[in-house]
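I opened the notebook with the sequence and the coordinates side by side, meaning to look up a few elements and how they pack.

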Amino acid sequence: MGAEFRQALSARGLAWAVGIPRHQKVYPRDVELVFPIAGRGRPRKRHVPNVLSVSAEDMFAHAKWRTLAWRKGTKGPLKARFAAVRVRVADGPPQRIGDKGMQHMPGEEVWLVGERRASGEQKYYLANLPADANLKTLAATIKARWVCEQAHQQLKEELGLDHFEGRSWRGLHRHALMTMIAYAFLQHLRLAAASGGKKNLGRPASADPAGHTKSRRRRPGPRPALPMSTLPQTSPQTVRLKVPK
């Protein structure tokens, strides 16, 4: 996610957590802007940082990592090692700093979060959560992206979100709206089917007709819950959505 987009979200008072490449430049939290001492020529008129920016990967050289679980998966709790440090992102206006050439000035103060997975893969994130947020809250916020990504994948693969072939902005919005309505409807059916097994368990059996000496009692069993990883299948006769022209 670009710096302009992050800054626009912060300007609107929205909380965000985004993934970044390992070479994203950041400054320490306590970076200061000072006037450089000119060896010759005119005095400098612009402030420069008193330290140089480093990559997000290098910022965790001496960090303490903790193992955290953010939710339960199909094979047990999902765990990884996390570390977090307050930094200032190097996404400010570019400026020449000595012999280092053009460098981005310090920008917004945010959380820099690192993740080390069991596979050996390392990921890095930025989050504008409050300075008093704990590591578990940061990890849970970052991993909440999975729900959005899963929904977006199902919208594309099962409901045709990426099948729009029009040329108008209004048509694209209508197409996206129809797919989201269909997704919400199917999600409702899925959740209703998943919780349906807990209903009607205490319903009394119907009385046998007169003259029958033996009564038969059917014991309803719970219906299996549908998996949450896929959407239920519906026929074209069940749901018909018409995109307005």
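The entries below cover a strand pair, a helix and the nonpolar cores.

I noted at the outset that I was working from a predicted model.

**Strand pair.** I looked up strand S6 (residues 66-73) and strand S7 (residues 76-89), and found them running antiparallel and joined by seven bridges. Following the chain from S6 into S7, I came to a hairpin that connects them through two residues, and I recorded Gly76 in S7 as the bridge partner of Gly73.

**Helix H5.** I checked the length of helix H5 (residues 169-195): its 27 residues, at 1.5 Å a residue, should span 39 Å, and because its end C-alpha atoms are 39 Å apart, the two values agree. I then listed its buried residues, which are Gly171, His175, Ala176, Met178, Thr179, Ala182, Tyr183, Leu186 and Arg190, and saw that the buried residues of H5 pack against helix H4 (145-159).

**Nonpolar cores.** Which residues of the largest nonpolar core touch the most other members? Of its 16 residues, I found these to be Trp16, Ile20, Phe60, Val87, Val110, Leu112 and Leu126. Strand S1 (17-20), helix H2 (56-59), S7, strand S10 (109-116) and strand S11 (122-127) are the elements that give two or more residues to this core, and S7 supplies the largest share, three residues.

I followed Phe60 further and, leaving aside residues up to four places away in sequence, found that Phe60 touches Trp65, Ala83, Ala84, Val85, Leu112, Val113, Gly114 and Tyr124. Apart from this core I located another, of 14 residues, among them Phe82, Trp111, Leu129 and Leu138.

Conventions
Residues are numbered from 1 along each chain as its sequence is written. This is a predicted model: local features need pLDDT of at least 70, side-chain atom pairs count only at pLDDT 80 or more; totals for chains, interfaces and linings use all residues. Side-chain values use heavy atoms; hydrogens and water are left out. Two strands pair if DSSP finds at least two bridges between them. Helices (H or I, at least four residues) and strands (E, at least two) are DSSP runs, numbered from the N terminus. The expected span of a helix is 1.5 Å times one less than its number of residues. Buried means under 20% relative accessible area, exposed over 50%, partly exposed in between (1.4 Å probe, protein chains only). Contact means heavy atoms within 4.5 Å. A nonpolar core is a set of buried Ala, Val, Leu, Ile, Met, Phe, Trp, Tyr and Cys residues joined through side-chain atoms within 4.5 Å.
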